[in-house]
Amino acid sequence: MFALVDCNNFYASCERIFQPALEGKPIAILSNNDGCVIARSNEAKALGLPMGAPAHEYASFFNQHKVEVFSSNYPLYGDMSRRVMEVLKQFTPQVEVYSIDEAFLQFAGFDHYDLDTYARQMRKRVRKWTGMPVSIGMGPSKALAKVANRVAKKFADRTGGVYVIDNEEKRVKALKWLPIGDVWGIGRQHNKRLVFQGVRTAYDFTQLSDAWVRREMSVVGLRLKHDLMGVSSIPLEMTAAPKKAIATTRSFERMIDDYGELRERVSTFGSLCAEKLRRQNSRCHAIYVFVRSNPFRDDMPQYRNSTLVSLPFATHSSLTISQQALRGLDLIYKSGISYKKAGVMVTGIVPEASHQMSLFEYENPKHQALMQSIDRLHQRFGPHKLKIANQDLSRTYKMKQARLSPRYTTDVRDVICVK
Amino acid sequence: MKKRRGLDFFTPDTSGKGVWLAEEGVSAGFPSPADDFKEGRISLDKVAVKNEAATFYARVAGQSMIDAGLDDGDLLVIDRSLEPQDGKIAVCLVDGEFTVKRLKVEKDCVWLVAENKNYPPIQVTEDNELMIWGIVTHVLKAL
């Protein structure tokens, strides 16, 4: 059996654990740089606050409805997520951390357990130890656990936040209830095509022929179909696959006109990407650079452009990636534009162990030793103490975080106060 | 025909260990007799934290618990996994605000008792909203 454990309104719940007076009040969390709404409490959803609402357009809405607005506090969310996952790992060794607020659990050899009771214990312990409310769905496959989770959440009053699909009757009932667009892994394109075929629910989908599903939705779609029929076909992935793309992008807190300043930013982003690559023992084959002006200022000249720089060898050197990102920037830079956002993304990522050495072009092998020393120094003296000469030494990038809550669990100066 | 010569394959170093100074120094002399008896240093975390996932910290504000040794500015270690019991010091939530008090459990009510004679005990009945947020296990104070 599989379970999907999902934290209820995760970001909002993190804030509530340390400010319990916010219980029952509408909460909105903003993206990096306070750009737009990325998470809402149930109360905020009920007010009709849409996902992705630009914060500056909704300022009066927030005031009028007394919405508590927070900048995203990733140190806090990351720590609370790790705590929840740690508690879950006490219930089964097979845990796939699926996202910051969701995990798939597999229960092999639990045949004689009452899994409904077990799930309720799990839910209670996570809540007591970490303060986090979770919903749990269980089923004979990952896709059915996901379906069961939706039932648990949607009918929380009746289910108490736990629902187990453990017989054919429950499976069919749940699948007939779930619209096809809400099925795990069915995107907008597939949804359109399926609805056109007369498929309205998850159950209708399981009635299509294997041949049709394979032809139209590849083997991925077929696995999903079998999973929904109760034949587990999507395995648990315990070790995180290396990320296929790593990006560092930022909106600037003010617009940048100066070429030198923009170069400095892009160089820093490149060097941050390189650090992320080294942390996961990977190298990249290509670097994508983009810049854009501020689309909300239609009184100013608008410009956006991007380019891909491919490398003859795979690298994770901050020097190489920064340098090549700047080469890319030179190609797309246009003067007379006020830039609002830029970013560097590295792709063509290969694990360190499998990278192919190129016969004629390769990186100075000294980079490897230098990067390792840099990483050691950062570990010892804190991040970003050592910079490349084209990065600004005095400057550290400051995000706009006007409504940031304290880092209750990761900074001793920020812990809660008790009278 | 000449026998083909084997190819040498090189695998990149993935050990992640950088070039670094050997801190203890390298010498060819007699090895330290203490090497075999290396133990980890004393860690306050190990002493005070029994359950990492459930441990949180709080700072004391005010004088209400001075007779229990909890002074203004002290750092409290809170374990949320422990069950509340009579006599334990707990961080509680009363009407939306955090407070630290000693629990006194009676048949039909709970008292939150301050450890300072100037603060009267708070009686919690069914009318108040009480949530016990966590149990205080240690207090760290700077002298």
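**Entry 1: the five-stranded sheet of chain A**

I began with strand S7 (residues 134-139) of chain A, and found that three bridges join S7(A) to S8(A), the two strands running parallel. Within this pair, Gly137(A) stands opposite Tyr163(A) in S8(A). I note here that the model is a predicted one. Looking at the wider arrangement, I read an open sheet of five strands in chain A, ordered S5-S6-S1-S7-S8 and with mixed pairing. Its edge strands are S5 (95-99) and S8 (162-164) of chain A, each of which pairs on one side only. I also looked up the turn between neighbouring strands of this sheet, which is 15° on average with direction ignored.

**Entry 2: helix H6 of chain A**

I next asked what packs on this sheet, and found H6(A), which touches S1 (2-7), S6 (102-106), S7 and S8 of chain A. The direction of H6(A) makes about 135° with that of S7(A).

I then followed H6 (residues 142-154) to helix H11 (residues 210-228) of chain A, where the two pack at an angle of about 65° with their axes 7 Å apart. The crossing of H6(A) past H11(A) is right-handed. On the H6(A) side the contact is made by Lys142(A), Ala143(A) and Leu144(A), and on the H11(A) side by Leu224(A), Asp227(A) and Leu228(A). Sorted by class, this contact has four nonpolar residues, two charged ones and no polar ones.

**Entry 3: nonpolar cores**

Which residues have the most contacts inside the largest nonpolar core? I found a core of 89 residues, and the residues in question are Ala3(A), Ile136(A), Met138(A), Val147(A), Ala148(A), Val91(B) and Val100(B). The element that gives the most to this core is H6(A), with seven residues. As background, nonpolar side chains tend to be buried together in soluble globular proteins.

I looked more carefully at Met138(A): setting aside neighbours within four places in sequence, Met138(A) is in contact with Met1(A), Phe2(A), Ala3(A), Leu115(A), Ala119(A), Ala145(A), Ala148(A), Val164(A) and Ile165(A). Apart from the 89-residue core lies another, of 25 residues, which includes Cys284(A), Ile287(A), Val291(A) and Ala342(A).

**Entry 4: where the chains meet**

I turned to the contact between the chains, in which 24 residues of chain B touch 24 residues of chain A. On the chain B side, the elements giving two or more residues are S1 (55-60), S3 (89-94) and S4 (97-105) of chain B. Of the elements on that side, S1(B) gives the most, with five residues. The residues of the chain B side divide into 15 nonpolar, seven polar and two charged.

I also found pairing across the chains: S14 (residues 416-418) of chain A is joined to S1(B) by three bridges, and the two strands run parallel. Here Cys417(A) stands opposite Arg59(B).

**Entry 5: the eight-stranded sheet**

S14(A) belongs to an open sheet of eight strands with mixed pairing, in the order S14(A)-S1(B)-S2(B)-S7(B)-S3(B)-S4(B)-S5(B)-S6(B). Why is one side of S14 of chain A, and of S6 (122-124) of chain B, left without a neighbour in the sheet? Both stand at the edges and each has a single partner strand, so one side of each stays unpaired. The twist from one strand to the next averages 45°.

Lastly I checked S2 (residues 75-79) and S7 (residues 130-140) of chain B, which run antiparallel and are joined by five bridges. In this pair Asp79(B) stands opposite Ile135(B) in S7(B).

Conventions:
Residues are numbered from 1 along each chain as its sequence is written. Chains are lettered from A and ligands numbered from 1 in the order in which they are written. This is a predicted model: local features need pLDDT of at least 70, side-chain atom pairs count only at pLDDT 80 or more; totals for chains, interfaces and linings use all residues. Two residues are in contact if their C-beta atoms, placed from the backbone, lie within 7 Å. Helices (H or I, at least four residues) and strands (E, at least two) are DSSP runs, numbered from the N terminus. Ala, Val, Leu, Ile, Met, Phe, Trp, Tyr, Cys and Pro count as nonpolar, Asp, Glu, Lys and Arg as charged, and the others, Gly among them, as polar. Two strands pair if DSSP finds at least two bridges between them. A nonpolar core is a set of buried Ala, Val, Leu, Ile, Met, Phe, Trp, Tyr and Cys residues joined through C-beta atoms within 7 Å. A residue is buried if 20 or more other C-beta atoms lie within 10 Å of its own, exposed if 12 or fewer, and partly exposed in between; C-beta atoms are placed from the backbone. Axes are lines fitted to C-alpha atoms, for helices over the stretch in contact, and angles run from 0 to 180 degrees between N-to-C directions. A crossing is left-handed if the near helix is turned anticlockwise from the far one by less than a right angle, and right-handed if clockwise.
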